[in-house]
Amino acid sequence: MTPPQAAPPRRGATPWLRLAVLLALVAAAYGGARALGLDRFEDLGAVADAVRERRGRPGTLPLFVGAYALATALGLPGLVFTLAGGALFGTGLGIAANWLGATLGATLAYGVARALGGDAVRRLLGRHAATVD
């Protein structure tokens, strides 16, 4: 009879530490957005003023898509970005910019959450984790 072998030593951060890092990143991003004054865009009048100011400027499209992706990754409501995309770029290009920003943001959020919180969630789910994964 073979004696049971010990589990190999674990390397890297524990799942709970990764989950804590994820929560700290979200809290820091929220605090940073508030510190930068981005909460002023909760008012549609401020959004309209910003749209009028930036319409037609070079570099607006990639900046818009990046901002939309970041906002989506942080779980912020996308309605303001969706409306601003249509106002800035028109119907066709606005739809494309909104779709790209939302898709990139969702992909980024999924990747970060899976990398930092996946092990902790699997541990919480126990034997049911295989069903979800």
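**Close-up views of a five-helix chain**

**Figure 1. Overall fold of the predicted model****.** Of the 133 residues of the protein chain, 21% count as buried. The model is predicted. The chain holds five helices and zero strands. Along the sequence, the pattern reads α-α-α-α-α. Take the contacts between residues at least 6 apart in sequence: 69% of them join residues at least 24 apart. The accessible surface comes to about 9400 Å². Carbon and sulfur atoms account for 68% of that surface.

**Figure 2. The largest pocket and its lining****.** The volume of the largest pocket is about 1000 Å³. A total of 29 residues line the pocket. Nearest its centre lie Leu38, Phe41, Ala67, Ala71 and Phe81. Four helices, α1, α2 (44–54), α3 (60–73) and α4, each supply at least two residues of the lining.

**Figure 3. A nonpolar patch on the surface****.** Leu17, Val21, Leu25, Leu108 and Val112 make a nonpolar surface patch of about 390 Å². The elements that give two or more residues to this patch are α1 (15–35) and α4 (79–125). Helix α1 gives the most, with three residues. One of the patch residues, Val112, is shown again in Figure 4.

**Figure 4. Val112 in helix α4****.** Val112 belongs to the nonpolar patch and sits in helix α4. Its relative accessible area is 31%, so Val112 counts as partly exposed. That value falls between the 20% limit for buried and the 50% limit for exposed. Patch residues need over 30% relative accessible area, and Val112 has 31%. Leaving aside neighbours within four places in sequence, Val112 is in contact with Leu22 and Gly117. Val112 and Leu22 are 90 residues apart in sequence. Their C-alpha atoms are 7.6 Å apart in space.

**Figure 5. Asn98, a buried residue of helix α4****.** Asn98 lies in helix α4. Its relative accessibility is 10%, so Asn98 counts as buried. The cut-off for buried is under 20%. Not counting residues up to four places away in sequence, Asn98 touches Phe64, Tyr68, Phe81, Thr82, Gly85 and Gly86. Phe81, one of these partners, is also among the residues nearest the centre of the largest pocket.

**Figure 6. Thr60, a buried residue of helix α3****.** Thr60 is placed in helix α3. With a relative accessible area of 11%, Thr60 is buried. Setting aside neighbours within four places in sequence, Thr60 is in contact with Arg54, Leu88 and Phe89.

**Figure 7. Pro77 in the loop between α3 and α4****.** Pro77 is found in the loop that joins α3 to α4. Its relative accessibility is 65%, so Pro77 counts as exposed. The cut-off for exposed is over 50%. Pro77 and Glu42 are 35 residues apart along the chain. A distance of 9.9 Å separates their C-alpha atoms.

Technical notes:
Residues are numbered from 1 along each chain as its sequence is written. This is a predicted model: local features need pLDDT of at least 70, side-chain atom pairs count only at pLDDT 80 or more; totals for chains, interfaces and linings use all residues. Side-chain values use heavy atoms; hydrogens and water are left out. Patches are made of residues with over 30% relative accessible area and no salt bridge: like charges are joined within 9 Å, nonpolar side chains (Val, Leu, Ile, Met, Phe, Trp, Tyr) within 5 Å. Accessible areas come from the Shrake-Rupley method with a 1.4 Å probe; for residues, only the protein chains shown count as cover. A salt bridge is a side-chain nitrogen of Lys or Arg within 4 Å of a carboxyl oxygen of Asp or Glu. Buried means under 20% relative accessible area, exposed over 50%, partly exposed in between (1.4 Å probe, protein chains only). Contact means heavy atoms within 4.5 Å. On a 1 Å grid over the protein atoms alone, a cavity is a set of points where a 1.4 Å probe fits but cannot get out, and a pocket is an open set with protein on both sides within 12 Å along at least five of seven lines; lining residues have an atom within 4 Å of a point. Grid points are joined across faces, edges and corners, and a volume is the space filled by probe spheres set on the points.
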